[in-house]
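User: I am new to protein structures and would like to learn how the words people use for them are justified. Could you take me through this one step by step?

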Amino acid sequence: MSQKRDFYEVLGLSKGASESEIKKAYRKLALKYHPDKNPDDSSAEDKFKEAAEAYEILSNADKKSRYDQYGHAGMGQGSGAGGMNMDDIFSQFGDVFGSAFGGSFGGSRGGGSRVVKGSNLRVKMKLTLEDIANGVKKKIKVNKLVNADGVTFKTCSNCNGTGRITRMAQTFIGAMQTQSACNVCQGAGKMIDKRPSGADQNGLIRKEEVIEIEIPAGVEEGMQLSVRGKGNAGPFNGVPGDLMVVIEEVEHAELKRDGDNVHYEAVVSFMDAVLGESIEIPTLSGKVKIKIDAGTQSGKVLRLRGKGLPNVQGYGAGDLFAHINVWTPTKISKEEKSLIEKLKKSENFIPKEGDKDKGFFTQMRDMFS
């Protein structure tokens, strides 16, 4: 399977392109590769669909923002126009083409009617850091509008199936003809013929559906994924809307996320800090042992490379930072106190001004320098 091209590259634009530049670039490509100009040319059809997919993402402010930040991974499964047929593309983007090809470019290619798209659905999905680290498939139940069994349609009597109403108006420069979408069929050119019991005026009923969603590794809190065609069904047997999945991170009991990195507060005893010891700490892939060197100071940060979260755009993985905290007992026995009093007088237990360990921010700066 070939890798999907960058959407800006598809349209021949730079990342900072304006809305008008995006629209202009898409219109140029759509006109060039339109099926009516390239009959029986599968290569041109593929390029036509590729341009439509790029435009669908970059012409939408929210989708463009996610794409600029996360790339293709931020679009979720089935996003874009890649899975759309020609009528879907003409229906959604017909306004870009204007009157090209005698007006058949927008809406359905056979006439003025258009395919009506259903509304989008939005759900929240809770993910653990382990889910985010590995990527995960989740099944969710969605209550959505679907076409009722047995519903049938007929040609709209108001517009005779054209989806458009034509009106003539007299002006000071003469008669002028105007067109607008049919107010009865919403431009679909169809109307309900037989409506089953329980169906609404568009022939739709609510039904629960189990949908499997593939979440890419490295997603973040608030990120929104789009699953094409899993929203509400379109009226008059139209194009279904999309399912928008908003990511919610479940707080980890021990690890704290910071971008692609994670942090852990490791508590060691005074004796282990003095003598040195190996301790076990959690990671997103299971527990590992790290070595605490003899003489380790409280506040020291140990870095485990690649033990953080994978980058959602595939740029490697973050690190795990273990922050060492030396635990001081709050209660001691008389015997313990006597031993500590003896140690207190030892030269080794007297703090030296020149032995100050580096502060946290200095350590973090050194790690990334």
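User: Where is Asp-319 found, and what makes it buried?
Analyst: In this predicted model, Asp-319 sits in the loop between β14 and β15. A residue counts as buried when its relative accessible area is under 20%. Asp-319 has 7%, so it is buried.

User: What makes the link between the side chains of Asp-319 and Arg-303 a polar contact?
Analyst: The cut-off for a pair of N or O atoms is 3.5 Å, where one can donate a hydrogen and the other accept it. The two side chains come to 2.7 Å, and this is a polar contact.

User: Which residues is Asp-319 in contact with, leaving aside its neighbours within four places in sequence?
Analyst: Among them are Asp-260, Asn-261, Val-262, Arg-303 and Leu-304. The list also includes Arg-305, Gly-306, Lys-307 and Gly-308.

User: What is the order of the strands in the open sheet with β14 and β15, and why are β10 and β14 said to stand at the edges?
Analyst: The order is β10-β11-β15-β14, four strands with mixed pairing. β10 (255–258) and β14 (301–304) each have a single partner strand, so one side of each is left without a neighbour in the sheet. On average, neighbouring strands here are turned by 30° against each other, direction ignored.

User: How do you know that β11 and β15 pair?
Analyst: Pairing needs at least two bridges between two strands. Eight bridges join β11 (residues 261–269) to β15 (residues 320–327), and these strands run parallel. Within the pair, Tyr-264 stands opposite Ala-322 in β15.

User: Let's turn to another loop. Is Asp-242 buried or exposed?
Analyst: Asp-242 lies in the loop between β8 and β9. Its relative accessible area is 1%, and the limit for buried is under 20%, so Asp-242 is buried. Its side chain also reaches the backbone nitrogen of Gly-229 at 3.1 Å. Not counting residues up to four places away in sequence, Asp-242 touches several residues, including Lys-63, Lys-117, Val-227 and Gly-229.

User: How do you know that β8 and β9 pair?
Analyst: The same test works here: at least two bridges are needed. β8 and β9 have four bridges, in the antiparallel sense. Val-227 stands opposite Leu-243 in β9.

User: What is the order of the open sheet of three strands, and what makes β1 and β8 its edges?
Analyst: The order is β1-β9-β8, with mixed pairing. β1 (121–127) and β8 each have a single partner strand, so each has one side without a neighbour in the sheet. The twist from one strand to the next averages 30°.

User: Now a helix. Why are the buried residues of α4 said to line one face?
Analyst: The buried residues in α4 (residues 61–70) are Lys-63, Lys-64, Arg-66, Tyr-67 and Tyr-70. Looking down the helix axis, they fall within an arc of 165°, so they line one face of α4. On the other side, Ala-61 and Asp-62 are exposed. Elements covering the buried residues include α1 (7–11), α2 (19–33), α3 (42–58), β8 (224–227) and β9 (243–249).

User: What is found at the start of α4, and what follows it?
Analyst: At the start, a side-chain oxygen of Asn-60 reaches to within 3.0 Å of the backbone nitrogen of Asp-62. The residue after the helix is Gly-71, with a positive phi near 75°.

User: What makes α3 roughly perpendicular to α4?
Analyst: The two helices pack at an angle of about 100°, with their axes 6 Å apart. Angles from 65 to 115 degrees count as roughly perpendicular, so α3 is roughly perpendicular to α4. Glu-56, Ile-57 and Leu-58 of α3 make the contact with Lys-63, Lys-64 and Tyr-67 of α4.

User: One last case: why does Glu-209 count as partly exposed?
Analyst: Glu-209 is found in strand β7 (residues 204–215). Partly exposed lies between the limits of 20% and 50%. Glu-209 has 25% relative accessibility, so it counts as partly exposed. Its side chain makes a polar contact with that of Lys-144 (3.0 Å). These two residues are 65 apart along the chain, while their C-alpha atoms are separated by 7.3 Å.

Key:
Residues are numbered from 1 along each chain as its sequence is written. This is a predicted model: local features need pLDDT of at least 70, side-chain atom pairs count only at pLDDT 80 or more; totals for chains, interfaces and linings use all residues. Side-chain values use heavy atoms; hydrogens and water are left out. Buried means under 20% relative accessible area, exposed over 50%, partly exposed in between (1.4 Å probe, protein chains only). The arc is that of the directions from the helix axis to the C-beta atoms. Contact means heavy atoms within 4.5 Å. Axes are lines fitted to C-alpha atoms, for helices over the stretch in contact, and angles run from 0 to 180 degrees between N-to-C directions. Angles under 35 degrees count as roughly parallel, over 145 as roughly antiparallel, 65 to 115 as roughly perpendicular and the rest as oblique.
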